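This report describes a protein chain, moving from its overall make-up to its sheet and then to its charged side chains. The sequence and the coordinates are shown first.

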Amino acid sequence: MANENEINSPEEQALADEWAAALEETGDAGQSDIDALLAADAASAGAGRLPMEEFASSPKPNEHVSLEGPNLDVILDIPVSISMEVGSTEISIRNLLQLNQGSVIELDRLAGEPLDVLVNGTLIAHGEVVVVNEKFGIRLTDVISPSERIKKLR
């Protein structure tokens, strides 16, 4: 077995020389210097830092879930993925590889049945397909209540 420090080619020697030069440029800063810098940074950041708001773990059974309130303000601008699911099915890899243009895949939904509206993979509503300005859209027919959505997250 070859020694790990053994250099076999001119390219490896050049790379080793570059690393050696970079390490020499960094100086002889020890772990104590790094710890001091981190402590100073934490102290200066902690002075102007606001405390994080605590989110309730889950609503009480009779507690009303609302989108109002200061706790949700920090997350209202986070982007999420929304998708509409027409249906699903399971097929073998053999059948998947045999698919080509014009193939038909049977889904587990009946024609005219509402679509599922998913946000980050979580069901939030059901709806029907509509056309708006020559583009597809979805009209929500049934929205799952916020308290039910929170229960599903557990």
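The text below takes up the chain, the sheet, the salt bridges and one aspartate in turn.

The model is a predicted one, in which local features need pLDDT of at least 70 and side-chain atom pairs count only at pLDDT 80 or more, whereas totals for chains, interfaces and linings use all residues. Residues are numbered from 1 along each chain as its sequence is written, and side-chain values use heavy atoms, with hydrogens and water left out.

**The chain**

The secondary structure consists of four helices and four strands, where helices (H or I, at least four residues) and strands (E, at least two) are DSSP runs numbered from the N terminus. Read from the N terminus, the order of these elements is α-α-β-α-β-β-β-α. Of the 154 residues in the chain, 7% are buried; here buried means under 20% relative accessible area, exposed means over 50%, and partly exposed lies in between, with a 1.4 Å probe and protein chains only. The chain exposes about 13,700 Å², of which carbon and sulfur atoms supply 56%, the areas coming from the Shrake-Rupley method with a 1.4 Å probe and, for residues, only the protein chains shown counting as cover. Among contacts (heavy atoms within 4.5 Å) with a separation of 6 or more, 31% are between residues 24 or more positions apart.

**The sheet**

The four strands form an open sheet in the order 1-2-3-4, with antiparallel pairing; two strands pair if DSSP finds at least two bridges between them. Its edges are strand 1 (82–85) and strand 4 (135–143), each of which pairs on one side only. From one strand to the next the twist averages 40°, with axes taken as lines fitted to C-alpha atoms (for helices over the stretch in contact) and angles running from 0 to 180 degrees between N-to-C directions. Strand 3 (residues 122–132) and strand 4 run antiparallel and are joined by eight bridges, and Gly127 has Leu140 in strand 4 as its bridge partner.

**The salt bridges**

The structure holds three salt bridges, each defined as a side-chain nitrogen of Lys or Arg within 4 Å of a carboxyl oxygen of Asp or Glu.

| Salt bridge | Closest N and O atoms |
|---|---|
| Arg109 with Glu113 | 4.0 Å |
| Arg109 with Asp116 | 2.5 Å |
| Glu128 with Arg139 | 2.9 Å |

Because Glu128 lies in strand 3 and Arg139 in strand 4, their salt bridge ties together parts that are eleven residues apart in sequence. Glu128 is partly exposed at a relative accessible area of 36%, and Arg139 is likewise partly exposed, at 46%. Arg109, Glu113 and Asp116 are joined into one network by salt bridges that share partners. Within this network Arg109 is partly exposed at 21% relative accessible area, Glu113 is partly exposed at 38%, and Asp116 is buried at 12%.

**The surroundings of Asp116**

Which residues surround Asp116, leaving aside its neighbours within four places in sequence? Asp116, which is located in strand 2 (residues 115–119), is in contact with Ser83, Met84, Glu85, Arg109, Leu123, Ala125 and His126. With His126 there is also a side-chain polar contact of 3.0 Å, a polar contact being a pair of N or O atoms within 3.5 Å, where within protein one must be able to donate a hydrogen and the other to accept it, and residues adjacent in sequence count only if both atoms are side-chain atoms.
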